[in-house]
Amino acid sequence: MADKHVLVLGAGQLARMMSLAGAPLNIDVSAFDVGSEKIVHPLTQNVIGHGLNNAIAKADVITAEFEHIPHSILDICQQSGKFRPTTQAIKAGGDRRIEKQLLDNANVANAKYAIITNRSEFDDAITYVGLPMVLKTALGGYDGKGQWRLKETTDIDATWHEMQQSLTATKHQAIVAEEFVPFQREVSLVGARRANGEIAVYPLAENVHVDGVLSLSTAIDEPKLQQQAQQMFSAIAQQLDYVGVLAIEFFDLDGTLLVNEIAPRVHNSGHWTQQGAEVCQFENHLRAVCDMPLGSTQAIRHAAMINILGQDSLPKEVLAMPNCHIHWYGKEKRTGRKMGHINVCGNSHAELCQALKTLIKVLDEAQFPQLKQHINQL
Ligand code: ATP
Ligand code: MG
């Protein structure tokens with residue numbers, strides 16, 4: 001018998017990995033597909049029930065694996081008193097207007113911005129924010145989708161034309177115009193907070209995106225940057241009275257961090273913790289939402305993660321590599337889809353780099369574009 005039943009809104013790989021991490025603690029995880037309203041087993045995808053109210057009734061705790069959830073569903077979950085972190089945090093993760101307001105309220109540095117719903121606000125934003133700028137839909141953006149780069153004044157009309165289509169396609173849509181940040185690199189901090197205010201954060205990860213999607217994430221040990229990130233993490237988590245794992249993406253601009261965005265959930269850039277940390281992000285999320293003591297976030301070895309996109313097999317040599325761990329998500333193959341990841345480890349930075357170089361020799365370069373060059377830069 002399980003000690004706790006946790007319901008996850010969303011039935012993808014994050015719910016799956018929570019389920020795997022929860023089993024040793026007798027935490028039983030089921031997943032709710034918000035589209036079909038089916039309750040499914042997160043590992044097998046077998047249907048085990050129907051309807052939100054049934055799902056809520058069976059759960060001790062409800063949490064979420066993604067932020068683009070209809071507010072009507074979130075509000076019902078909130079009313080049950082079982083939802084963690086808070087629906088406000090999920091809403092902030094799913095709406096860049098709320099997110100930007102949150103960052104300002106928490107007093108953390110973020111890119112200068114303006115909100116646009118019509119042409120005259122767009123013109124005002126160009127004056128206030130300046131060019132170059134990055135334009136992002138407030139609702140529905142992920143993996144770099146729903147974004148435009150505006151560099152030249154000659155492109156203003158064409159960009160407006162495209163943005164206008166997005167504005168009208170979705171109810172309550174808006175565009176957030178942000179100054180372009182000429183960062184050197186992107187890093188993220190994943191950490192957990194418990195209801196009593198206890199916080200435990202992992203080492204920062206340095207992230208490389210290819211075509212807007214995370215490709216490579218490497219845990220780094222940089223005390224000064226870590227301290228900055230941790231301070232901002234605490235400010236945001238406290239502001240939200242957050243419970244669970246929270247991820248924050250940053251731009252590193254000459255050693256100063258600016259918050260790019262938050263993810264109110266376990267995060268792709270924290271997958272390395274499965275092999276690289278004492279207790280992984282999935283277990284710590286469950287511990288936090290079930291109000292159990294948090295596990296150690298200490299790194300136990302050097303680790304990196306490589307995303308597997310759009311393919312469902314790897315050369316058999318990978319499985320035989322002593323420093324590589326494959327995690328498949330059991331999903332049907334689709335172009336560009338996140339299908340799994342490989343965690344790579346080493347006892348030192350040099351050993352990790354060596355393991356990564358050995359690995360990329362057997363991977364198909366076309367399936368992992370630009371990866372070799374990024375690994376060589378570590
Ligand atoms: P995710 O899948 O991480 O949720 P997303 O689609 O929600 O991504 P962002 O993380 O906001 O969107 O942006 C995607 C990428 O675009 C960032 O990782 C960064 O490389 C680049 N980017 C975003 N905003 C800016 C900015 N203001 N200046 C420069 N580059 C930016
Ligand atoms: Mg992002």
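User: What makes a residue count as near ligand 1 in this predicted model?

Analyst: A residue is near a molecule if one of its heavy atoms lies within 4 Å of it. Around ligand 1 there are 21 residues, and Lys136, Asp143, Gly144, Glu186 and Glu261 come nearest.

User: What makes Glu249 and Glu261 donors of the magnesium ion (ligand 2)?

Analyst: Donors are N, O and S atoms within 2.8 Å of the metal. The OE atoms of Glu249 and Glu261 lie 2.0 to 2.2 Å from the ion, so they qualify. Glu249 belongs to strand 14 (residues 244-253) and Glu261 to strand 15 (residues 256-263), 12 residues apart.

User: Why is Glu249 called buried?

Analyst: Buried means under 20% relative accessible area. Glu249 has 14%, so the term applies.

User: How do you know that Arg96 makes a polar contact with ligand 1?

Analyst: A polar contact is a pair of N or O atoms within 3.5 Å. A polar side-chain atom of Arg96 lies 2.8 Å from an oxygen atom of ligand 1, so the pair counts. In Arg149, a side-chain N or O atom is 3.2 Å from a ligand 1 oxygen. Val181 uses a polar backbone atom, 2.8 Å from a nitrogen atom of ligand 1. The protein buries 91% of the 610 Å² that ligand 1 exposes when taken alone.

User: What makes up the shell around ligand 1, by class?

Analyst: The shell has 10 charged, 6 nonpolar and 5 polar residues. Domain 2 (112-179) and domain 3 (185-376) each give at least three residues. Strands 7, 8, 9, 14 and 15 each supply at least two.

Methods: Residues are numbered from 1 along each chain as its sequence is written. Chains are lettered from A and ligands numbered from 1 in the order in which they are written. This is a predicted model: local features need pLDDT of at least 70, side-chain atom pairs count only at pLDDT 80 or more; totals for chains, interfaces and linings use all residues. Side-chain values use heavy atoms; hydrogens and water are left out. Donors are N, O and S atoms within 2.8 Å of the metal (3.2 Å for Na, K and Ca); water is not among the atoms, so sites may look incomplete. Helices (H or I, at least four residues) and strands (E, at least two) are DSSP runs, numbered from the N terminus. Buried means under 20% relative accessible area, exposed over 50%, partly exposed in between (1.4 Å probe, protein chains only). A polar contact is a pair of N or O atoms within 3.5 Å; within protein, one must be able to donate a hydrogen and the other to accept it, and residues adjacent in sequence count only if both atoms are side-chain atoms. Accessible areas come from the Shrake-Rupley method with a 1.4 Å probe; for residues, only the protein chains shown count as cover. Ala, Val, Leu, Ile, Met, Phe, Trp, Tyr, Cys and Pro count as nonpolar, Asp, Glu, Lys and Arg as charged, and the others, Gly among them, as polar. Domain bounds come from an automatic or database domain assignment.
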